[in-house]
Amino acid sequence: MRVELTVNGERREADAWAGESLLYVLRERLGLPGSKNACEQGECGSCSVLLDGRLVCACLVLAAQADGHELVTVEGLGEEAGLHPVQEAFAETGAVQCGFCTPGFVVATADLLARNPRPSDDEIREALSGNLCRCTGYAKIFDAVRLAAGS
Amino acid sequence: MDVLTPTTLDEALRMKAERPDAVPIQGGTDVMVELNFDRARPAVLLNLNELAELRGWSRENGSIRLGAGLTYTEAMEAPLAEKLPALAEASRTVGGPQIRNRGTVGGNLGTASPAGDALPPLLIGDAVVELASIRGERTVPLNEFLTGPKRNALADDELILGARVRAAHGAQTFMKVGPRNAMVISVVSLALTVDRERDEVRAAFGSAGPVARLVSARLADLDGFPERVAAAASPIDDVRGSAAYRSHALSVLTARAVERCLQ
């Protein structure tokens, strides 16, 4: 089936199998591998994207459900001119170990700060509770969120 | 495999009548896991995301009507959270933000898991489930709608429209036992309200029997209530906890919830 959607401000089309997830379409059909494929059951948050402005796991959205909708992936956060402030903060604080969970954390953090520019530690913890870092690098991730919130 | 995406409720009901084997998908937090792990290959998926009729909530003759497409995130927001505090508390324990932005009350009713977090809060609000097909609409009390683990009274040609719930008339709370605060399927859960208007305490538990279940008592008859709630459960041993632990936890949670609500 044909799926048409806006991805990072651009109209895109893809042929997808009916049971396919939005994540598969992004990675395998639209050449956007920034959203990572790990648990495929909404447990890890590494495929976090913004669907119509709401933070969701792309693995739990049926590709057909995104038809006609607007999507922002990690690739769409920064600009040609430079990184998104959240990406800058993750780089600055070294909030990356293996890096696999980073795109999901970056998207979830950008979503948090857009809604709540000065989150408390508890609010950060809550907002990032759906994202797992298997390297357990949470301390530096917190540093990154605090830095991005202050910038 | 096909996906049908109706844009009106009438169209959706016609499609469901023509294809009773179609599996409804709303937030996808249950259905997509089945698809991703190759556990289910339904011939047809019925995408309910475009149905405005299923969204939001409204006041109706003193009760609250929740659309089947109401998300957990929406159930956490004022003013709804003030009218149904136990549902708001339960919603806060569901998954993480990504899951709460997609998962819905209607999906919880459709999946009918014994661990469905929205079910105990709806039971203490005497929830009635609204169902529709091209044959017409009907309502089923939630305790009759839930017929077994992952089984409900929905007919093949029907869709869940929403639920009508009694707004809180007194303190309410929700408690859940799990290995961490977020991203947890409950080991055992409990919703409780002290309803002074009806002179009644109502408790409903999840993950402690084949279906979520309601137990009530007069306010003057609270001695031994935690033990009675635990005795009404029929928990099993599974990967998340033992039956004995669940029974014990249920009586502890009930005592704590009563104390919290009577303060």
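In this predicted model, the buried residues of helix α11(B) are Arg246(B), Ala249(B), Leu250(B), Leu253(B), Thr254(B), Ala257(B) and Val258(B). Looking down the axis of α11(B), these buried residues sit within an arc of 170 degrees, so they line one face of the helix. Over on the other side of α11(B), Ala244(B), Glu259(B) and Leu262(B) are exposed. As for the helix itself, α11 of chain B runs over residues 243–262, 20 residues in all, and its first and last C-alpha atoms are 29 Å apart, close to the 28 Å expected at 1.5 Å a residue.

So much for the helix; next comes its cover. The elements over the buried residues of α11(B) include three strands of chain B, β11 (172–177), β12 (188–195) and β13 (200–206), along with the helix α10 (225–232).

Two packed helices are described by the angle between their axes and the distance between the axes. For α10(B) and α11(B), the axes come within 8 Å and cross at roughly 140 degrees. The two helices α10(B) and α11(B) are therefore oblique to each other, and their crossing is right-handed. On the α10(B) side, the contact is made by Phe225(B), Pro226(B), Glu227(B), Val229(B) and Ala230(B); α11(B) brings Ser247(B), Leu250(B), Ser251(B), Thr254(B), Ala255(B) and Val258(B). Leu250(B), Thr254(B) and Val258(B) also appear among the buried residues of α11(B).

Then there is the contact between the chains, with 24 residues from chain B and 23 residues from chain A. On the side of chain B that touches chain A, two or more residues each come from β1 (2–4), α2 (31–36), β3 (44–47) and α6 (97–100). Here α2(B) gives the most, with four residues.

Definitions and conventions. Residues are numbered from 1 along each chain as its sequence is written. Chains are lettered from A and ligands numbered from 1 in the order in which they are written. This is a predicted model: local features need pLDDT of at least 70, side-chain atom pairs count only at pLDDT 80 or more; totals for chains, interfaces and linings use all residues. The expected span of a helix is 1.5 Å times one less than its number of residues. A residue is buried if 20 or more other C-beta atoms lie within 10 Å of its own, exposed if 12 or fewer, and partly exposed in between; C-beta atoms are placed from the backbone. The arc is that of the directions from the helix axis to the C-beta atoms. Two residues are in contact if their C-beta atoms, placed from the backbone, lie within 7 Å. Axes are lines fitted to C-alpha atoms, for helices over the stretch in contact, and angles run from 0 to 180 degrees between N-to-C directions. Angles under 35 degrees count as roughly parallel, over 145 as roughly antiparallel, 65 to 115 as roughly perpendicular and the rest as oblique. A crossing is left-handed if the near helix is turned anticlockwise from the far one by less than a right angle, and right-handed if clockwise.
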